[in-house]
Structure formats: structure tokens, C-alpha cells
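Reader: I am a first-year student, and I would like a close look at one part of this protein. Please start there, keep it brisk, and then walk me on through the rest.

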Amino acid sequence: MQFHHHGYVSTDPRIQPAAGVGLDRPDELPDEMDVLIVGTGPAGMITAAQLAQFPTVTTRIIERRPGRLAIGQADGIQARSVETFQAFGFAERIVAEAYRITEMAFWKPDPNDHTRIVRAARTLDDPTGISEFPHLLVNQARVLDYFAEAMINAPTRMRPDYGYEFGDLEIADAGDYPVTVTLARTSGEHEGEIRTVRAKYVVGADGAHSRVRDRIGCVPKGDKAFHAWGVMDALAVTDFPDIRTKCAIQSGSGGNILHIPREGGYLFRMYVDLGEVPEDDNGKVRETGVEAIIAQANEIMRPYTLDVREVAWHSVYEVGHRVTDRFDDVPVEEAGTRTPRVFITGDACHTHSAKAGQGMNVSMQDGFNLGWKLGHVLAGRSPETLLATYSAERQVIAQNLIDFDRQWSSMMAKRPEEFASPSELEDFYVKTAEFPAGFMTEYRPSMIVGEPIHQSLASGFPIGKRFKSAPVVRVADANPVHLGHHHRADGRWRVYAFAADPTAVGADVSALDRWARWLATAPESPLLAYTPKDADIDSVFDVKVVYRQPHTGVDLAAVPAAFLPVVGPFRLVDYEKVYATDPHLDIFAERGIDRRGAIVVVRPDQYVATVLPLTATAELAEFFDRIMLPPCTIESARDNA
């Protein structure tokens, strides 16, 4: 964490100085705003937390509840989400309070007595080292609390507006605030009152029964599996030996349980198979009481017993797999002809079973994707055409999720005798681990994702996929760090320059210096072309260099100025952009960096945008020319948005 560059800080350095609209943020919901977010679930809160980093953008997030969520339905936190939490500054703290999944146990009918279950296998949760971050379980409510903290500590001092329910919206063809939204007060002394507000953009993060989605005519498409599950968060006394281990339990009777230990050491969640649902059930299965769920769990777990002492929360759901045809208000046939004004995220876009642990995780990536794009457009950094990439990118990912979840949930519902081999379930779990961990997302070429022409220069950083971090050593203080962990959710683009190999025959060791000089001096350099004159030189682009030699072989006095920017009112030198190879794990070898070096450009949401040679200055300038707008001053950004 870096601070003191704007003067000595003696208080919590996580609290950023208020700026822009955060200096006089009104307590009451205003009549006009740049962005109105409907719903404080994971998708809405991460969108708000990202937008809170843009001081000139007025964002409000409303919630029909009178206060914070107390008990969340989601609890699985995949490694990609923990990477994202690192960007928002709270990964270490949430890891400390969460339950960490290290392995999964598979219980099956005893071959000698099908009325009993026995442990058949154990598998490591991440046997191939997909991420340096862990797979966690923690109450969704705590995730929302951390995002709320990130919002209030951000320059705009954002906080949710509780007690407002979305009613309706209308989109005008023109005007500064073309979306008119009708809201109803749901609590407090003004309960029942109707408010009308206007916004430039609206984000519907209002869940599976989204009114925003319905109002813009998005259609959920998919099917029901006609299979029901009871889920409960419970405190119990049991003789089941793996009560603190994630388990897939298959009984001889055909019933199944997905068992999930929870944070705190005592609580656990069980997804209990309630069997097939007749087509004419009409929701009757959802009336199943918690006692029936407990009884079914005991039946499946024989010879073990479950003496439930308290149920914190329970529900019954039928598996459904649906994804909307689009994620914004622009009909498919009109795509590219007008700017989207209303967006939907999370469960409003995609619904599926809870057993793959994807709902909250994919929803947060929806919000991360959309948040920085809205911020860039409203801050005057990018054209409105950027906003069309949200639906184009995330709708494909949602469909991939539905396809995967259909496979996983059907396998979880199988009877033991229906499997092709005794180890089919655990083999599928291990083989597909990268998808549920959140690392199979790969965005297609677009205005913000380049063609893989030079992919061979950095084969371990696939274009369109998330930037996979690796250890390096910070030259200035010899500290070993993870390169990607310094990518904060601050709306900046990252540009990583990887030096050529000075020991390679014919290597152009001066290519990096020439590239850095161009970046710092050429009028067409993105650093100069798109950074406001009254802002720090690294306010839009965070440029870092990684040298191939050990840190002791790097002379800071010889490092180009582009990698040692002066920042803040005192014009202090930032020494935390110069790195060297970690002697224990060579990032150049691990990520397939060519001996000639490479430039790796990473989007604000941590996805690799393009890979280029150190000599491709014109290509780098051209790439950003289609994304960025000429700069405006910080003061005029709001007027020019």
C-alpha cells in the first residue's frame, strides 16, 4: 500500500481523501445522478465500489431493504473472486475470517451394504496450482460489508441508499439524464412515498426476479431440471467424521448431499436432494419444511446421524438454467446503432443451481466488467461505444456458466449405479477445476481485446484471459511481491514492460530504453496523449517494468524515467514500479516471456488486453486510439462526460 505522497498520513491509510462529488455528497438521494444502481447484492456492490474510484461520477445504489443484508444465500468464494478482493484491498482480511477449502471428500454407498455410506475418495481442491489465492466459504453478507467499506473509504464516499424499491423506468431519446426512474420508499417516516429520479445510466442488479430486466424487455431463456434441493445453514452435533470437510455424499437410496463447512468452525451448509419434481407441481415442493429437509439428510447419511440444534437459514429451490438474450436495453437487431442506457447484472442475467458455487462469483465479475467501463465513459476517458462491450463479453460467459452448471448439477443428482465408472464424479470435479475457480473466462477480440498476433511473446499471458500473477522482487527495497497483487481496482490500465534477455545472442538490450523514451516523450504516446495535464502522470496508465536479472543487478539510477514517475503535490518519486526476477520462481520462464521482451497491456478489470513487441510503439498507440478520448482537465471531466 502506498501513501504519504500527498502529505503525511497518521490515520488509516485505506481511507482515501475525499474528492470530487465526495466532498459534498448529499445524504438524501438526489433528483439527478450519473449512475443509479438497483440492488445491493454482489453485482451491484462491486459495480458501486468500482465507480466510487471515479471522483467526478455521481453514483447512487438503492436497496428496498431498510439496512444491510444479515444472512446471505451465497457462500462460495472462488479463487478468481479472491484475486478481485485483493484489487479492492480486503483479500487478506476476508481470508482470515473465511473457511478455506483444501480438499473435497466423496462419500458413496458401501459396496458390501448399500444402506451405509463410506468415504470413497479425497481430492485436493487445487491440485495444479491454478491460483495463489485460496477457495473460500464465507457468508455473502460479509462480502457485501467489505464492498460497503471500500465504497465509503473511496474518494466519492459512497454508501447505499436503503429503503427504496424500483418501480418503473422510461428511456428518452435525448437529454442529459435520459433515464427516468420511479421509486417507492419502503421504510422509515416516508414509507409509501413515490420518488422520481433521473439518471444517465441505470444498472439493474435486482436479482432473479429483476424488474429492471423485465422493463427493458430482456428475456430469460432456458429450462428447468424438475429436480428440487433443500438447503440449510445449521449448527448440529453429529458422528459424521467429515463434518468440517467439503463433501459430495451419494447414498444407496439415490439421495445426494453437497456438504459445505462454513466460517467460524461450527456452522455448515447442506444442499439436500429432495428428488424429482412433477411437471404439474406448480411450486408445491417449495413448501417443504426444514424438518423434512433434516429427515432426508439423516436418511442419506446413514449410518451417521445429524442432531440439528439450530437452523440459521433454509430454503428450497428447483434447479433452473436460464440466461437472458442480452445484458442491456439495446435489442439484438439494433446492436451498434445506439448507446445502451440500462444494464443488468448478476442473477438478473443468469440463474442456475447453487451447487457449483458460481452465482455470486460470476455476478461480481459482471459488475467489475461494467463498473470501470461506466467510469471511463462518464469521466470523459472513453467513448460511449465502450459500453456495448459489456453485454457482448458477459453474455457469452453466462452461457458458458449455464452449460457447465447443467453438467455439474445433473451429475450431482445421479444415482450411484448411473455413473459410467465409480470415480466419475470426482474425476469430473478435478478435470473441470479451472472453470469453477473462475479462470476459463476468455474475452474475444474487440475494441478492448487485441488479436493474438504477438501472443508467442508472452504465451503465459493469454490475450482475453485474466492476468495470472507471479512472484517478482521489487528492486528499490528487495521485497518479494506478487506482480498482479499491485493491480488495484482504481480504474487504471496496466502496462507491463518485460525486458529483453541480455545474455541471449543477438538480443536488443536497448529496445526497452527506446520504448520507455518513446512512452515518456512522444506526442502519440498514450501516457502523454490521454493523461490530463493537471493529473499525475500515472493517473490513467500504471506502467511497470520487470528486468530479467536479479534485483542486485538492476541500477535504479539507470532505469528510464518512465518507470520512476514523480507524483503528488511534492513531486515525489514512485519507486514501486521497477521489478526484477524472483530467484525462486522466474516469471519469464513461468509466463513464457520471449527473450526479446514484451509489452503486456492489462485492462482495469485485470484481463489481458494485448501483447506487443517492445518495438511496436505505433501498434500500442493505435490500440489506445480506439479506446481513449483526448484528455480533459479533472475539473471539466464531469461537464465533458
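**A loop, and then the wider model**

Author: Start with R286, which sits in the loop between strand 15 (268-276) and helix 6. Keep in mind that this is a predicted model. Is R286 buried, partly exposed or exposed? Its relative accessible area is 48%, so R286 counts as partly exposed. The cut-off for exposed is over 50%, and buried means under 20%, so a value of 48% falls in between.

What does R286 touch, once neighbours within four places in sequence are set aside? The contacts are V316 and E318. Now look at G230. In sequence, 56 residues separate R286 from G230. In space, their C-alpha atoms are 8.6 Å apart.

Move along the chain to helix 6, which spans residues 290-300. The loop between helix 6 and strand 16 (306-324) holds P303. Look at the bond that joins R302 to P303. That peptide bond is cis, with omega at about 15 degrees.

Two other loops hold a backbone detail. R157 lies in the loop between helix 4 and strand 8 (161-162). The phi angle of R157 is near 55 degrees, which is positive, and R157 is not a glycine. A478 lies in the loop between strand 19 and strand 20 (479-482). Phi is positive at A478 too, near 60 degrees, and again the residue is not a glycine. A478 has a relative accessible area of 39%, so A478 is partly exposed.

Now go to helix 1, residues 42-51. How many of its ten residues are buried? The count is ten of ten, so this helix is mostly covered. P42, M45, I46 and L51 are among the buried residues. What does the covering? The cover includes strand 1, strand 2 (59-63) and helix 2 (79-88). Helix 4 (140-152) and helix 7 (359-378) also take part.

Helix 4 deserves a second look. Q140 belongs to helix 4. Its relative accessible area is 11%, so Q140 is buried. Leaving out residues up to four places away in sequence, Q140 touches P42, L69, G72, Q73, A74 and M360. One of these, P42, is a buried residue of helix 1.

Next come the charges. Side chains of opposite charge can pair when their charged atoms come close. How many salt bridges does a search of the whole structure find? It finds 46. Here are three of them.

Take R466 and E83. Their side chains meet in a salt bridge, with N and O 3.0 Å apart. This pair links distant parts of the chain, 383 residues apart. R466 is in the loop between helix 9 (424-431) and strand 19 (471-474), while E83 is in helix 2. R466 has 9% relative accessibility, so R466 counts as buried. E83 has a relative accessible area of 5%, so E83 is buried.

Then take R122 and E103. They form a salt bridge, and the closest N and O atoms are 2.8 Å apart. R122 belongs to strand 6 (residues 113-124) and E103 to strand 5 (residues 103-110), with their positions 19 residues apart in the chain. R122 is partly exposed, because its relative accessibility is 43%. E103 is partly exposed, because its relative accessible area is 23%.

Last of the three, R494 pairs with D490, and their closest N and O atoms lie 2.9 Å apart. Salt bridges with shared partners join these two to R492, D538, D542, K544, D574 and K577 in one network. Is R494 buried or exposed? R494 is buried, and D490 is buried as well.

Finish on the surface. D27, E28, E189 and E193 gather there in a patch of negative charge. E28 is in the segment before strand 1 (32-38). Its relative accessibility is 53%, so E28 counts as exposed.

There is a nonpolar surface patch too. V566, V573 and Y575 make it, and its area is about 230 Å². Y575 lies in the loop between strand 24 (572-573) and strand 25 (578-581). At 43% relative accessibility, Y575 counts as partly exposed.

Terms used: Residues numbered from 1 in each chain as written. Predicted model: local features only at pLDDT ≥ 70, side-chain atom pairs only at ≥ 80, totals over all residues. Heavy atoms only, no water. Patch = residues over 30% accessible without salt bridge, like charges linked within 9 Å, V, L, I, M, F, W, Y side chains within 5 Å. Areas by Shrake-Rupley, 256 points an atom, 1.4 Å probe, with all protein chains shown as cover. Salt bridge = Lys/Arg side-chain N within 4 Å of Asp/Glu carboxyl O. Lys, Arg positive; Asp, Glu negative; His and termini not counted. Charge placed at Lys NZ, Arg CZ, Asp CG, Glu CD. Helix = DSSP H or I, 4+ residues; strand = E, 2+ residues; numbered from the N terminus. Buried < 20%, exposed > 50% of the residue type's maximum accessible area, 1.4 Å probe, protein only. Contact = heavy atoms within 4.5 Å.
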